[in-house]
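Visitor: I should like to study one small part of this model closely rather than survey everything at once. Please choose a suitable residue, and then show what surrounds the elements beside it.

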Amino acid sequence: MIQRTGLSARAALLLGAIVPAVAAAPALAQDSTTADATAGPLDSADDVNGQIIVTGSRSRSATAITGVEIQNILPGVSPLKAIQTLPGVTYITADPWGNNEQNASLYIHGFNSAQLGYTMDGVPLGDQNYGNYNGLSVSRAVISENVGRVTVSTGAGELRVASVSNLGGAIETLSSDPRNSLGLEVNQTIGSYDTSRTFVRFDSGEMGGGNSFYLSAVRQKARAWDFNGKQGGWQGNFKFVHDDSARRLTAYIAYSDKTEPNEDATTIYKTPANASQAYQPYTRPFFYPDFAGALAYLNAAGQVPTLESVNYRNYYSDAQRTDWLLYLKDEERLSDKVTWSVQGYYHHNDGAGVVAGPISVAGLPALFALYFPGQNLRGATGNSGYAVRTTEYRIDRKGVLSEFNVDLGAHQIAAGVWYENNSSAAYRRWYPLDVNHPERYSPYIRPKGPLFTQYGSEMRTEVLQLHLQDTWALTDRVTIEAGVKTSLQDANGYFTVQPIPGSLAGASGALPEGRIKTDNWFLPTIGAKWAFTETEELYGNVQKNLRQYQAYGAGGSAAPWSVGSQGAFDYIKENGRPETSWTYEIGLRSRHSWPGSFLSGFEAQVNAYHVDFSDRLLAISPTIGGIGGGSIAGGTPSLFNVGDVKTNGVDAALTLRFGDHLSLYNAISYNSSKYQSDYSTATGEATGTRIGGFATVGGVVPTGGKQVPGSPQWLNKTVATLNVDPFELQFFGDYVGKRFATYTNDAAVKSFFLLSGRAAIKLPASIVGLANAELSVNVTNILDKQGWLSVGVNANTNTYNVYPIPPRQWFGTLKLRY
């Protein structure tokens, strides 16, 4: 049962205070940026031919990519993968679609994925943590082909964004509306490594009275390029819209059942201490379905080859996720001056991360000896030499979002509230792998009959967020935006199953339990924009943001409930502070059009920013290796406050248009994000020193003056489009600069440039008997480059984890619309 806390009462009181106050204001017109989620928050000039939008009319940096352009990158691509083309964004995964979440790497202006905010049609999606606890990936929340637009605020998200993690910006995905005409769309994609993706969508069209809906489904299967694992699953979306002069009602249901076999990371040692550390293979393919090969991999004693004891091969690993997401939204046009929206949502997740690996590595003999004292460990785990480890998740979230918008002429007032109640769980279990029944085990089956539960955590979390904002048209050309947001979190965590003492690396005893309330009542923002010509606009913005503690047990990177002792938890509770940031932005937008000229127009934006990031938390793993950068036996991180991070950077984006047939888009980004202090392993706090070098001296780790690892300093994105009806040709270029791979910057991953392309032809109706039919071919990594794609940062020095760049692949898609 979901436990109710005092925050519920406070939410009711605050709602009671805000709603009458706003309702009593004079009546006003609907705010187009908030009243219709599908219209999107970016009130910029219209998109041209589905291209990337690089200009907008906010007082902050915001860029967007439309659904048309998303599908051009690759049909079915994740919206997060698609935003890789936008300035300041780095999103990397091992599969072409960006669907695999276990090895995903996302950075925006030096902030990682867990420090950003995410919504879909306004519904919060959590912080995209691979270990589920407060959300789901956007690729599970909406089918790619149903995405209308994705907007990225790269500095500071809008106040209304429902997130407790949006320190460094927000990613808002909007689903498309039902089409006006009755129709059926069928898309089929085939390609490399047995890829098959089938998408079907039925649109009712306008049924009278402002009612319409669509129902769609997708089935995708694709084999990994370096092992015999098949990514895929089923998804379904339903959306109903009623729109008339008095109100707009929207109902949405998303179902997703996905299984994704995982790539195993290669553990790299910059300075290997032995031959096994020096063995650093380009890939670590799992054995499944070759059970005989997996058995032969182990010697008579059940040991993996000595040389491969660090980068050994598993039998298989995978992520299984089943989600239901529902929302109902009512937008009331109370008058021509006042609108009021209420949106309720519910999300249920049932998932598991699964690894079937050798029992002779990564601390497992010591772990199993505690649970099977005096027994033959191979016999106790099924006599195969392998065991199956799961982390089994459950999420039940429900919440409400509400906003009033009031038009006072020169002032546009918006006041809103977000409340969420979340019950989540994570259980670590171990299962035998019976040598006599290998058919019972695969990446696509949830194992049954656990040997033991290593630990089980339960979290109960309530969140309340309020915002109030005034957009003041000071003159026809000058607009000022000012507002304030509050962020309150009440989280209570406990363990129904505690690990046996000594069985979890980094844990000195029982895992910590307790309740932490954190609140910040004053998170202000102020911005302005000045249209000093008809085609140029100067803007600036200052905003404070907060990232609440991750409410996750045994694994969250910044979760107090994941540390190794009750004492460490209590110290964080009494003395710790959630991460905060002040973001300062200034930028210039320009848009020109010269019809009939060789250069017929351009849109451009340049944005400079500075961030003061306080109380940066680092989670240092006790062991390196295994899947996802942590020991397969599990472990608790040490949580350190390394003080401030100072960030300075510039993004510049430009689209040049040459008539109706050719356009060139380019975005270049520079980012410098540096820790301002060393930290002490004894106190867990910043020391205020910068001792330099790479070695820890007297417990002081020399992070001061070092670049935030994982985030590149230089990025460059290019999209070239040639459109000569009925043909279209596009090239996508992506340069990612060098990335440091440790907190002291003693190791780095080299830069890379990837080139992808698309060629499409619209098929004449006389051939296929249908209008809007299209045949396209997409090719990824055209130059067939090799190198390290994603980097996992877990240590101060010497060691890190990487995933390889997938080889060149091709995909052909036939789109038919009836």
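Guide: Asp194 counts as exposed, because its relative accessibility is 53% and the cut-off for that class is over 50%. The model is a predicted one. Asp194 sits in the loop that links β9 and β10. Its backbone deserves attention: phi is positive, about 60 degrees, although Asp194 is not a glycine. Most residues other than glycine have a negative phi.

A second aspartate offers a useful parallel. Asp784 has a positive phi near 55 degrees and is likewise not a glycine. Asp784 belongs to the loop between β36 and β37 (788-792). With a relative accessible area of 36%, Asp784 is partly exposed.

The strands beside these loops lead to the largest pocket. Among the elements that each supply at least two residues of its lining are β9 (183-191), β10 (195-203) and β36 (773-780). Helix α2 (67-73) and strands β7 (147-153) and β39 (809-817) are also included. The pocket holds about 910 Å³ of space. Its lining comprises 32 residues, of which Gly67, Val68, Gln71, Lys815 and Arg817 lie nearest the centre.

Strands β32 and β35 also supply at least two residues each to the lining of the largest pocket, and each does so for the second largest cavity as well. That cavity has a volume of about 480 Å³ and is lined by 29 residues. Nearest its centre lie Lys81, Asp734, Leu754, Ser756 and Thr780. Strand β35 (752-763) gives the most to this lining, with four residues. In the whole structure, the search finds 18 cavities of 30 Å³ or more.

Strand β31 (714-724) is another contributor to the lining of the second largest cavity, and the loop from β31 to β32 contains Pro726. The peptide bond that joins Asp725 and Pro726 is cis, with omega about 10 degrees. A cis bond also joins Tyr288 and Pro289, where omega is again about 10 degrees; Pro289 lies in the loop between α5 (275-278) and α6 (291-297). Most peptide bonds are trans.

From the pocket, strand β7 leads into a sheet. Five strands form this open sheet in the order β1-β7-β8-β5-β6, with mixed pairing. β1 (62-66) and β6 stand at its edges, and each has a single partner strand, so one side of each has no neighbour in the sheet. β1 and β7 run antiparallel and are joined by five bridges. Thr63 stands opposite Val152 in β7.

Val152 is also one of the contacts of Ile83, together with Ile65, Val89, Val150 and Ile171, when neighbours within four places in sequence are left aside. The largest nonpolar core has 67 residues; Ile65, Ile83, Leu106, Met120, Ile171 and Tyr800 touch the most other members. Apart from it lies another core, of 22 residues, including Phe227, Phe291, Tyr297 and Tyr316. In soluble globular proteins, nonpolar side chains tend to be buried together.

A polar residue, too, can be buried. Gln128 lies in the loop between β6 (123-124) and α4 (138-141). Its relative accessible area is 17%, so Gln128 counts as buried, the cut-off being under 20%. Its side chain reaches the backbone oxygen of Leu125 at 3.2 Å, and a polar atom of that side chain lies 3.0 Å from the backbone oxygen of Leu136. Residues up to four places away in sequence aside, Gln128 touches Leu80, Tyr118, Leu136, Ser137 and Val138.

Strand β2 (89-92), which also helps to line the second largest cavity, belongs to an open sheet of three strands, ordered β2-β3-β4 with antiparallel pairing. Here β2 and β4 (111-112) are the edge strands; each has a single partner, so one side of each is left without a neighbour in the sheet. Two bridges join β3 (105-108) to β4, and Tyr107 stands opposite Asn112 in β4.

Finally, the whole chain gives these parts their setting. It has 818 residues, of which 60% count as buried, and its secondary structure comprises ten helices and 39 strands.

Key: Residues are numbered from 1 along each chain as its sequence is written. This is a predicted model: local features need pLDDT of at least 70, side-chain atom pairs count only at pLDDT 80 or more; totals for chains, interfaces and linings use all residues. Side-chain values use heavy atoms; hydrogens and water are left out. A nonpolar core is a set of buried Ala, Val, Leu, Ile, Met, Phe, Trp, Tyr and Cys residues joined through side-chain atoms within 4.5 Å. Buried means under 20% relative accessible area, exposed over 50%, partly exposed in between (1.4 Å probe, protein chains only). Contact means heavy atoms within 4.5 Å. A polar contact is a pair of N or O atoms within 3.5 Å; within protein, one must be able to donate a hydrogen and the other to accept it, and residues adjacent in sequence count only if both atoms are side-chain atoms. On a 1 Å grid over the protein atoms alone, a cavity is a set of points where a 1.4 Å probe fits but cannot get out, and a pocket is an open set with protein on both sides within 12 Å along at least five of seven lines; lining residues have an atom within 4 Å of a point. Grid points are joined across faces, edges and corners, and a volume is the space filled by probe spheres set on the points. Two strands pair if DSSP finds at least two bridges between them.
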